Amino acid sequence: QDQLVESGGGLVQAGGSLRLSCAASGRTFSSYSMGWFRQAPGKEREFVAAISWNGVSTYYGDSVTGRFTISRNNAQNTVDLQMKSLKPEDTAVYYCAAARGIIVRLRQDYWGQGTQVTVSS
């Protein structure tokens, strides 16, 4: 079964850091664009970051540019999101996503179940 499983969420104080990881299983996602989205209570799902299948190109949402870094390891079938200088408004459920043939910001073929990130002020 093809699936994405996120880990690394938790509670952190404002200004702190957290690293999320997404492990892909089933198929090999090395040819897929991968990315992260988030959804806060009462808000629509928001694009956070994406990375091309070969890791050459990265994309970030305006609210996280300069603070978050996305990376991937195709040998291990994982994609990480390093988050720094966290703010209370970063509090959300973070989802990993994958898309083939198109950057994941534009279309998502697979979703993970999400991991909660809570930033206290």
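This section describes a four-stranded sheet, a disulfide, an internal cavity and several individual residues in a predicted model.

The sheet is open and is built from four strands in the order β1-β3-β8-β7, with antiparallel pairing. Strands β1 (3-7) and β7 occupy the edges, and because each has a single partner strand, one side of each is left without a neighbour in the sheet. From one strand to the next, the twist averages 15 degrees. In general, the strands of a sheet are paired through backbone hydrogen bonds, in either a parallel or an antiparallel sense.

The pairing of β1 with strand β3 (residues 18-25) is antiparallel and extends over five bridges. Within this pairing, L4 has A24 of β3 as its bridge partner, V5 has A23 of β3 as its bridge partner, and E6 stands opposite C22 in β3. On the side of β8, strand β3 again pairs in the antiparallel sense, here over six bridges, and C22 stands opposite V79 in β8. The residue C22 of β3 is thus placed opposite E6 and also opposite V79 of β8.

The orientation of the side chains was examined along the two strands β1 and β3. In a regular strand the side chains alternate between the two faces of the sheet. Along β1 this alternation places L4 and E6 on one face, where they are buried, whereas Q3, V5 and S7 point to the other face and are not buried. Strand β3 likewise shows alternating side chains, with L18, L20, C22 and A24 directed to one face and buried, while R19, S21, A23 and S25 are directed to the other and are not buried. The bridge between L4 and A24 therefore joins two residues with buried side chains, L4 in β1 and A24 in β3, as judged by the cut-off of under 20% relative accessible area. In the bridge between V5 and A23, by contrast, neither V5 nor A23 is buried.

The structure holds one disulfide, which joins C22 to C96 with an S to S distance of 2.1 Å. Since C22 lies in strand β3 and C96 in strand β9 (residues 92-100), the pair ties together parts that are 74 residues apart in sequence. The torsion about the S-S bond of C22 and C96 is about -80 degrees, so the disulfide is left-handed. Both cysteines, C22 and C96, are buried. Strand β9 also contains Y94, which counts as buried at 0% relative accessibility. The C-alpha atoms of Y94 and Q3 are separated by 15 Å, the two residues being 91 residues apart along the chain.

A search of the whole structure finds one cavity of 30 Å³ or more, and the volume of the largest cavity is about 40 Å³. Its lining consists of A24, F29, S30, M34, R72, N73, N74, N77, T78 and V79. The elements contributing two or more residues to this lining are β7 (68-73) and β8 (78-83). By residue class, the lining of the largest cavity divides into four nonpolar, five polar and one charged. Among the lining residues, A24 is also the bridge partner of L4, and V79 is the residue of β8 that stands opposite C22.

Two residues other than glycine with positive phi values were examined further. The first of these described here, N77, has a phi near 60 degrees and lies in the loop between β7 and β8. Residue N77 is buried, with a relative accessible area of 16%, and it also belongs to the lining of the largest cavity. The other, S85, has a phi near 50 degrees and is found in the loop between β8 and β9. Residue S85 is partly exposed, with a relative accessible area of 41%.

Technical notes. Residues are numbered from 1 along each chain as its sequence is written. This is a predicted model: local features need pLDDT of at least 70, side-chain atom pairs count only at pLDDT 80 or more; totals for chains, interfaces and linings use all residues. Side-chain values use heavy atoms; hydrogens and water are left out. On a 1 Å grid over the protein atoms alone, a cavity is a set of points where a 1.4 Å probe fits but cannot get out, and a pocket is an open set with protein on both sides within 12 Å along at least five of seven lines; lining residues have an atom within 4 Å of a point. Grid points are joined across faces, edges and corners, and a volume is the space filled by probe spheres set on the points. Ala, Val, Leu, Ile, Met, Phe, Trp, Tyr, Cys and Pro count as nonpolar, Asp, Glu, Lys and Arg as charged, and the others, Gly among them, as polar. Two strands pair if DSSP finds at least two bridges between them. Axes are lines fitted to C-alpha atoms, for helices over the stretch in contact, and angles run from 0 to 180 degrees between N-to-C directions. A disulfide is a pair of cysteine sulfur atoms within 2.5 Å. Buried means under 20% relative accessible area, exposed over 50%, partly exposed in between (1.4 Å probe, protein chains only).
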